[in-house]
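Reader: I have a model open and some labels to query. Can you walk me through them?

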Amino acid sequence: SRTNANSGTPTRPAGLGRSALLLEPSSRIVHQPQVNGTVSAAQNQVVEDPTNAADAEEYDETREKLQMIRVKFLRLAHRLGQTPHNVVVAQVLYRLGLAEQLHGRRGERVAAFSFDRASAVAEQLEAAGQEPLDFTCTIMVLGKSGVGKSATINSIFDQAMFNTDAFQMGTKRVQDIVGVVQGIRVRVIDTPGLLPSWSDQRQNEKILRSVKRFIKKTPPDIVLYLDRLDMQCRDFGDMPLLSTITEIFGASIWFNAIVVLTHAASAPPEGPNGTTTSYDMFVTQRSTVVQQAIRNAAGDARLMNPVSLVENHSACRTNRAGQRVLPNGQVWKPHLLLLSFASKILAEANTLLKLQDTPPGRPFATRSRSPPLPFLLSSLLQSRPEVKLPAEQFGDDDDDDIDDDLDESSVSEEESEYYELPPFKALSRAELENLDKKQRKAYYDELEYREKLFMKKQLAEERKRRRLMKKMKEAAKDLAGEYTSENAEEEPSGAASVPVPMPDLTLPASFDADNPTHRYRSLDSSNPWLVRAVLEPNGWDHDIGYDGINVERLFVVKDAIPISLSGHISKDKKDTNLQMEIASSIKHGKGKGTSLGFDMQSVGKDYAYTVRSETKFSNNRVNKASAGVSATLLGDVLTGGVKLEDKLMIGKQGKLVVSGGGIYGRGEVAFGGSLEATLKDKDHPLGRFLSTFGVSVMDWHGDLAVGCNSQTQIPIGRHTNLIGRFNVNNRGSGQLSMRINSSEHLQIVVVGLIPLVKKLVAYY
């Protein structure tokens, strides 16, 4: 073995990572001076004689055993079809030589191994075929559910050892299988699939503890941690699972583990600019993410697990020998087995040479998960409407108290003004064309005025009907039980009405010639469960545009306590998201009430479970204040928060909302507040003018974030609106947008041709 004289430590090759003890650098080697630029064999073999013959005999015996380990490994490589020039084979032989030097220096004797001799002996034994190979390797397979653990084991043995199914979990208990691969005895331990989210770690702990009991008598020589190559995620969503494995088995499990990425024949995804990523870059990016997650879980930044690629699909490309070949030209099965056997060979050398490794230490301790306090705080500060009884569900929360105090005279004035209007005849299109511009404008103004009065009359009648129902309900409480029971029997008969179509959803603007409103229509029937499709607001033209399904139900307990249940389910190719909210409210005085709620929402790959309570009280008719608390469980992190809110009504056109609060979790605190002002038309929602202005402040980790946003909608015609929006923050970034939507001036569409023409001109 020749060593560079200019280097204090031998070069550490990459590829096998930190495998056991043989990777530790040695101290500086003292070299003999060179003659004519060469090192003589005598100089390379020069050693200090041992102090006694017993030490020399023991050293020679150890050398001979180490030489037999080399021979054994070369025989393994030969059976797998690998030559000594293979990268993995060369690295293992290098480390065996380095280990011999370390051991020899302790005995004050250094001698080089004879590679040619070991290679010749290995070839001779394999050619004779009489000397049995004394080698057995035990491999344990760990990984998430559905990544292909059982399929990989079947591929290793070239036969169906375990049943596999693409739609259900294949392995439900720990089991092992023993077989022979290329004349080598291999024992594989298959384990049930694990789940990555925080909420599933309790189940993972049960599985891993059963695995630990199973391997107590015969521990594995190597651990294969399987994941999929085609799962592109960089948010370390598997950290809960990796941390649980580390907690059960200890950090040392990762020091003798190989990362196996299945589905390795998958096509690389497109890059950010639309170009296809190269296969090598695709593998490197995915390998780096998994290796970094394992380093964080093990708490050792020096850890570098080797990576092996696997493809179990029957359609995978094969060579003439029938072996599956990856897109990079590698035959994956011999490579995976060679990495596994190399790990045990190095472990045998460590045991023979009695090399003691220093504890790995934890220079970079596992980072505890930081809760997303800003997200949770913004959810806490969000203003939620109060759950009401069916008879009270009309209008906005802010307008109910004001509407209740309106004089009957104002309602009657609106009705009388509509009925006192003279008769009006609607003109046909041909009659409109005969009018001049001034007459046409007067006609449309009169038509708009009558439509507004008609809508006002309808709203006034609805308010009057609601008040009448409320008075009748209060009066019914004082009547005899017989009268109440008779009404109770009559009421269900009215509910069994014929189902009628619900109002159509407002679809986003589209150039699609077809009107797909019918796709989202649903019936309003006597069934208390309301199920509707959820529209995808950013969908493409000619697309169905379903984002999910929304389910709602309102329960009433003892005719006084409303309980609202709502849920949203959405599914795409990768994830299934479920959001659910249960809310209720209890009134305890005029203008006072307490709301209780439980909601579940997805945060990344985990779900946040929140219990909240909020109490509202009215100081007077135009001022409402509220205070609330919440507790959120996200994974293993419990956070708690408080908030205060004050809402001031400025007539029927203005509203000012000020809120502030703080949230605490895992030693961290976040504070925030917001101010929102709203100015709307006097006849809103008939009037279309609406303007909002908001300011938000948040402080987390000493980092102050200030944001400001505003949106204004101004009617500039009967069916034309101008919408302006801007937002800016203290980081120096912002956005300004202007939009016009109209159904009477189709020539506005021509504006959309400007960027197209500009692009064509720039191209030519």
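Author: Sure. In β6, L309 is the bridge partner of L261. Helices (H or I, at least four residues) and strands (E, at least two) are DSSP runs numbered from the N terminus. This is a predicted model: local features need pLDDT of at least 70, side-chain atom pairs count only at pLDDT 80 or more, and totals for chains, interfaces and linings use all residues. Residues are numbered from 1 along each chain as its sequence is written, and side-chain values use heavy atoms, with hydrogens and water left out.

Reader: What makes β5 and β6 partners?

Author: Two strands pair if DSSP finds at least two bridges between them. Three bridges join β5 (residues 257-262) to β6, and the two run parallel, so they pass that cut-off.

Reader: Why is one side of β2 and of β6 left without a neighbour in the sheet?

Author: The open sheet of six strands has the order β2-β3-β1-β4-β5-β6, with mixed pairing. β2 (175-181) and β6 (307-309) stand at its edges with a single partner strand each, so one side of each has no neighbour there.

Reader: Why is D158 called exposed or buried?

Author: Exposed means over 50% relative accessible area, buried under 20%, partly exposed in between (1.4 Å probe, protein chains only). D158 has 61%, so it's exposed. This residue is in the loop between α5 (149-157) and β2, and its phi is near 60°, a positive value in a residue other than glycine.

Reader: And what is R666 called, exposed or partly exposed?

Author: With a relative accessible area of 35%, R666 counts as partly exposed. R666 lies in the loop between β17 (654-665) and β18 (668-680).
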